Amino acid sequence: MIRRLTSHFFILSMCLGGAAEASAQGAMTLRNAAGDVLLFDTISLDLIDGLPLPSGSRRVPVTVSPDGRFAYVANPSRTGAALDSVGSSILVFDLWRRSLASVIDLGDFTPTNGLRLNRRGSRLFVTAREDGAVLELDAQSGQLLMVWKTGIDFNHSAAVTPDDRRLYVANIRDDVVTVIDRQRVYAAPLPTGTAPADVDVSPDGFEAWVANSGSHTITVLSVRRDLRLADFFAGALRPVRLQFNPSGSEVWVLHRGSPQITVFDSFRREQIGSVTLPAVPSDILFSNDGIRAYLTVPNGVIAIDTATREVVREFDKTSHRNTGSRQGS
């Protein structure tokens with residue numbers, strides 16, 4: 001299932017400092033005006049790579065291995081316009097070597113917004129449009145291990161519990177989250193708010209939080225009991241992304257209708273703060289130690305100090321340079 005590519009895929013020589021072999025804890029992507037996907041090192045905010053994709057793709061999911069070495073980027077193209085006629089696939093980047101390591105061919109499946117690794121980095125889960133499928137792949141070899149069926153035509157995003165037993169799949173068109181039990185091999189829908197766009201599981205594995213973009217709410221589900229525990233206002237309109245910080249004490253929520261990030265205490269389920277950005281962010285990633293949160297905005301990548309909730313670094317894709325600190329709210 002995996003196909004190796006040769007070194008003809010050139011790396012953009014636009015790194016702004018730091019050794020090429022420096023370890024990266026993570027990576028983020030954004031699209032530029034030319035339709036390229038730009039990959040950034042979240043420690044240095046250096047531009048790692050540019051990846052040409054068809055213009056029809058808006059949000060490009062990316063996930064990074066626990067050791068920070070490999071970034072997995074979804075490529076939903078079927079047009080053959082990129083990478084020597086490679087169709088629907090997962091692109092695997094070696095962040096230490098700053099190169100494209102391999103391509104996982106997804107065949108007839110088209111990835112959507114769900115792209116998650118398990119905690120050990122051994123399994124890659126990919127949501128697909130066709131047949132309500134969630135693909136389970138060996139992250140090293142690219143071998144397809146299982147096709148999980150949700151019974152829903154369009155799966156938007158997914159999260160996996162720390163023990164790998166369960167998958168939570170947000171079904172934005174059907175107002176449910178599908179729970180897949182990998183040990184008992186069954187799938188069951190749980191009702192949420194309207195248009196659930198994203199789901200994340202707490203680091204302790206007890207709860208799953210769902211961002212409902214249609215009803216502007218957050219739904220909290222019990223992992224152990226398959227129960228709906230709470231529903232409350234998301235702090236701003238159209239929540240589309242949410243993520244627990246590494247300690248599990250906070251949940252940060254991104255909104256399509258506002259440049260404001262809302263921050264919730266995960267134990268009290270109360271909003272405790274917010275951050276206002278210069279533009280609406282599209283994705284979020286925490287550093288492994290939880291000290292920094294990285295946000296992609298239309299013009300670049302922004303790093304936020306999670307303690308003070310202030311913007312401390314920016315990278316502007318139009319000028320390809322780092323800028324100094326900038327006050328948040």
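Modeller: Tryptophan 209 and phenylalanine 244 are both buried, a class reserved for under 20% relative accessible area, with exposed set at over 50% and partly exposed in between (1.4 Å probe, protein chains only). The model is predicted, so local features need pLDDT of at least 70 and side-chain atom pairs pLDDT 80 or more, while totals for chains, interfaces and linings use all residues. Residues are numbered from 1 along each chain as its sequence is written, and side-chain values use heavy atoms, without hydrogens and water.

Colleague: Why is the pair of tryptophan 209 and phenylalanine 244 called edge-to-face?

Modeller: The search of the whole structure finds 4 aromatic pairs. Rings of Phe, Tyr and Trp (its six-membered ring) pair if their centres lie within 6.5 Å; planes under 30 degrees apart are stacked, over 60 edge-to-face, and the rest tilted. The ring centres of tryptophan 209 and phenylalanine 244 are 5.7 Å apart and the planes stand at 75°, so the pair is edge-to-face.

Colleague: What parts does this pair tie together?

Modeller: Tryptophan 209 belongs to strand β18 and phenylalanine 244 to strand β21 (residues 239-244), so parts 35 residues apart in sequence are tied together. Strands are DSSP runs of E with at least two residues, numbered from the N terminus.

Colleague: What makes the pair of phenylalanine 232 and phenylalanine 264 tilted?

Modeller: The centres of phenylalanine 232 and phenylalanine 264 are 5.6 Å apart and their planes meet at 45°, a value in neither the stacked nor the edge-to-face range. Phenylalanine 232 lies in β20 and phenylalanine 264 in β23 (residues 260-265), so this pair ties together parts 32 residues apart in sequence.

Colleague: How do you know whether phenylalanine 232 and phenylalanine 264 are buried or exposed?

Modeller: Phenylalanine 232 has 15% relative accessibility and therefore counts as buried. Phenylalanine 264, at 2%, also counts as buried. Trp209, Phe232, Phe244 and Phe264 form one aromatic cluster.

Colleague: Why is methionine 146 called partly exposed?

Modeller: Its relative accessibility is 31%, which lies between the limits for buried and exposed. Methionine 146 is placed in strand β12 (residues 144-149).

Colleague: What makes β17 and β20 edge strands?

Modeller: The open sheet has 4 strands in the order β17-β18-β19-β20, with antiparallel pairing; two strands pair if DSSP finds at least two bridges between them. β17 (196-201) and β20 (227-233) each pair on one side only.

Colleague: How do you know that β17 pairs with β18?

Modeller: 5 bridges join β17 to β18 (residues 207-212), which satisfies the requirement for pairing. Within β18, tryptophan 209 is the bridge partner of aspartate 200.
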